[in-house]
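Trainee: Could we go through this structure together? I would like to begin with the overall arrangement and then turn to the details.

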2 protein chains.
Amino acid sequence: MGEFELIDRYFKFSKTGNGLIVGVGDDCAIMDPTPGMQWVVSSDMLVEGRHFFADVDPFSLGQKSLAVNLSDLAACGAKPRGFTLSLALPTVEESWLEGFSKGLGEMSLRFDCPLVGGDTTKGPLCIGITVMGEVPSGQALLRSGAKAGDDLYVSGTLGEARAALLGIQGELNMSSELLEQLRPRLESPTPRVLLGQKLKGLASAAMDLSDGLSGDLAKMMKASGKRAQVQTDWIRDSRAMGAALQSFSFEERLNLVATGGDDYELLFSAPKSLRHAIDALSSEFQLPLTRVGEVMALDTQIDGLSSEKAINSSLVVFLDAKQQAMELKAQSFDHFS
Amino acid sequence: MGEFELIDRYFKFSKTGNGLIVGVGDDCAIMDPTPGMQWVVSSDMLVEGRHFFADVDPFSLGQKSLAVNLSDLAACGAKPRGFTLSLALPTVEESWLEGFSKGLGEMSLRFDCPLVGGDTTKGPLCIGITVMGEVPSGQALLRSGAKAGDDLYVSGTLGEARAALLGIQGELNMSSELLEQLRPRLESPTPRVLLGQKLKGLASAAMDLSDGLSGDLAKMMKASGKRAQVQTDWIRDSRAMGAALQSFSFEERLNLVATGGDDYELLFSAPKSLRHAIDALSSEFQLPLTRVGEVMALDTQIDGLSSEKAINSSLVVFLDAKQQAMELKAQSFDHFS
């Protein structure tokens, strides 16, 4: 099968219409912007052996490839408009392409985000997606908007993707039943696209959790010029996690939950006055929106730390139930360290 | 060096402003659309060993990576607005990153196309770029607009990139002086961005030549529902090519010029009544815009072919000086054949 037949067969699943004027097949895709909206763009690349295993289910991989990009749009409160796919493949395996394109198509349809263009080439398996969306002018949620005194929230439950990874790698003992329960959190996460859009006007800052709460929260605080205090015993983990981590100490568990990465949940800050509104959103989406801490001015005295130590400490302080500062082992996922 | 330091050091060369509201560093980039304009998007992926040699000059590679994407915008007549870069790197080599990012930055500055976001990860060297631009609503040049009776044009000269490749691979004897003269056509092509914008309102259809005239023209004819007749002796090759191909027959030369690929020139159709306007553009840009043939209705009798043979023949017929149909060996570059 040649390059162009491959595109025709597997990657022409989106129709024009709804502001998509030209889709797959010309030199460029063409889209009509909605008046009063800004364009929002994000790109992610997934590499075999780094972001996924060679034997991962291609349907799930198709879903996840788009999901991790949609998660970035969600973090900005943007509505998806379309995506491009650049795909390097070592060989043309029809069953793999069938599964991958179906998973991609399912996610595309679910979030009304058509495939508008891209590129295919021979090479080590590598999936590059650029997702485009729009947001009312000036209303995008940024990392830089957190204010001193704001609450800090995370959506959903953290650490499950990492626990599934450890289960697959045999580094964490768990029943195969439990592993199958956790696996979708690693292999086909759900981007919080609608939640992100609803957080506009409520959240003061937002980002998606891809590298772990600890490192990602530090990035948000750096962008906002603030410091964060996290109440570790407020962080929610799921029942499934509880079962998997029975033999873990609280510290070990926290390390996994706060530094595991691949969560694709939203981290956001919001004024204390909006607690009722956030609770209402949680009910609407039937999704935990858990208050995990507070934003503080950079020069604030931190509970449990001397002022000198506080000033020299990191931008994020994790406190145990006794309000003592804790040290996490891993800080954040970094692709080059 | 970690992932985030790497981005800070090498990939924050574009400033916000001019409608770029948020650039590298948040979950998404945010841009203001210009009222009355449509969004134009294209993605290309370059893989080591497939699109470039491991030892290619990283500055040129940076230039080319963006140039091949800008060439797609040019083909639509769009003005560049920004691009994202997804980069998989086997190791962090500072001298390579320095050269690559400088080449990329040079091309970015030259065409006023800022780097707005992206992703870096560890993996086999792979460069994914998505370029965004805009075009006045309804005025984008498409592949599908060619009309029967239109002239067919190509910009610049064809086949030089392929000749340089053959020279580097030792498959074509040429002096090192000549190779150095041809090498930039392969390693740092110039996208015809301004020409593309000026062709709006003149050209009826356009596309960029990346896979070779023969295959790309067939794609344009397929999209337009037309057939093309190319006068092979009208195709221009450069003096440098002439020197490189002294020992070649006309057919061998034509094969290289029409199927070599990597030209990044524009192919376009225009009504015969606009010949003066096209000539004027050629003078303005000091760039050959060479009339190479004509667009015909699908059911037209083709010179030199019986009507039965014509109907069964391909969408593109190459004629020699005696108006006899010629057969080319390679049809087009295909990444999977």
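**Symmetry, interface and sheet**

Mentor: A turn of 180° with a shift of 0.0 Å along the axis lays chain A on chain B with an RMSD of 0.0 Å. The two copies are thus related as by a two-fold rotation axis. Please keep in mind that this is a predicted model.

Trainee: What percentage of the contact residues of chain A recur in chain B?

Mentor: The figure is 100%, and the same surface serves both copies.

Trainee: How many residues of each chain are in contact?

Mentor: The contact involves 55 residues of chain A and 55 residues of chain B. On the side of chain A that touches chain B, the largest share comes from strand β3 (residues 37-47) of chain A, with 9 residues. By class, that side of chain A has 28 nonpolar, 15 polar and 12 charged residues.

Trainee: Which strand of chain B is joined by bridges to strand β2 of chain A?

Mentor: Strand β2 (residues 29-31) of chain A is joined to strand β3 (residues 37-47) of chain B by 3 bridges, and the two strands run antiparallel. For a residue pair to inspect, take Met31(A), whose bridge partner in β3(B) is Trp39(B).

Trainee: Let us move to the domains. Where do they lie in chain A?

Mentor: Domain 1 of chain A covers 3-136, and domain 2 covers 143-326. Taken over C-alpha atoms, the centres of these two domains of chain A are 28 Å apart. Each domain of chain A gives 18 residues to the contact between them.

Trainee: Which elements give two or more residues to the domain 1 side of that contact in chain A?

Mentor: They are α2 (58-76) and β4 (79-89) of chain A. The most comes from α2(A), with 12 residues. That side of domain 1 of chain A divides into 10 nonpolar, 4 polar and 4 charged residues.

Trainee: Now to chain B. What is the strand order in the open sheet of 7 strands?

Mentor: The order in chain B is β8-β10-β7-β11-β9-β12-β13, and the pairing is mixed. At the edges stand β8 (205-209) and β13 (325-326) of chain B, each with a single partner strand, so one side of each has no neighbour in the sheet.

Trainee: How does β13(B) pair with β12(B)?

Mentor: Strand β12 (residues 316-319) of chain B pairs with β13(B) in the antiparallel sense over 2 bridges. Within this pair, Phe318(B) has Met326(B) in β13(B) as its bridge partner.

Trainee: And β9(B): is the strand mostly covered or mostly uncovered?

Mentor: Strand β9 (residues 226-231) of chain B is mostly covered, with 5 of its 6 residues buried. With β11(B), β9(B) pairs in the antiparallel sense over 5 bridges, and Arg227(B) stands opposite Met296(B) in β11(B). With β12(B), β9(B) pairs in the parallel sense over 4 bridges, and Ala228(B) stands opposite Val316(B) in β12(B).

Trainee: One last topic, the helices. Which strands does helix α2 of chain B lie across?

Mentor: Helix α2 (residues 58-76) of chain B lies across β8 and β10 (265-270) of chain B, and runs at about 165° to β8(B).

Trainee: At what angle to β11(B) does helix α10 of chain B run?

Mentor: Helix α10 (residues 275-285) of chain B runs at about 150° to β11(B). This helix of chain B lies across β7 (151-155), β10 and β11 (289-297) of chain B.

Key. Residues are numbered from 1 along each chain as its sequence is written. Chains are lettered from A and ligands numbered from 1 in the order in which they are written. This is a predicted model: local features need pLDDT of at least 70, side-chain atom pairs count only at pLDDT 80 or more; totals for chains, interfaces and linings use all residues. Domain bounds come from an automatic or database domain assignment. Two residues are in contact if their C-beta atoms, placed from the backbone, lie within 7 Å. Ala, Val, Leu, Ile, Met, Phe, Trp, Tyr, Cys and Pro count as nonpolar, Asp, Glu, Lys and Arg as charged, and the others, Gly among them, as polar. Two strands pair if DSSP finds at least two bridges between them. Copies are superposed by least squares on the C-alpha atoms of residues with pLDDT of at least 70 in both. Axes are lines fitted to C-alpha atoms, for helices over the stretch in contact, and angles run from 0 to 180 degrees between N-to-C directions. A residue is buried if 20 or more other C-beta atoms lie within 10 Å of its own, exposed if 12 or fewer, and partly exposed in between; C-beta atoms are placed from the backbone.
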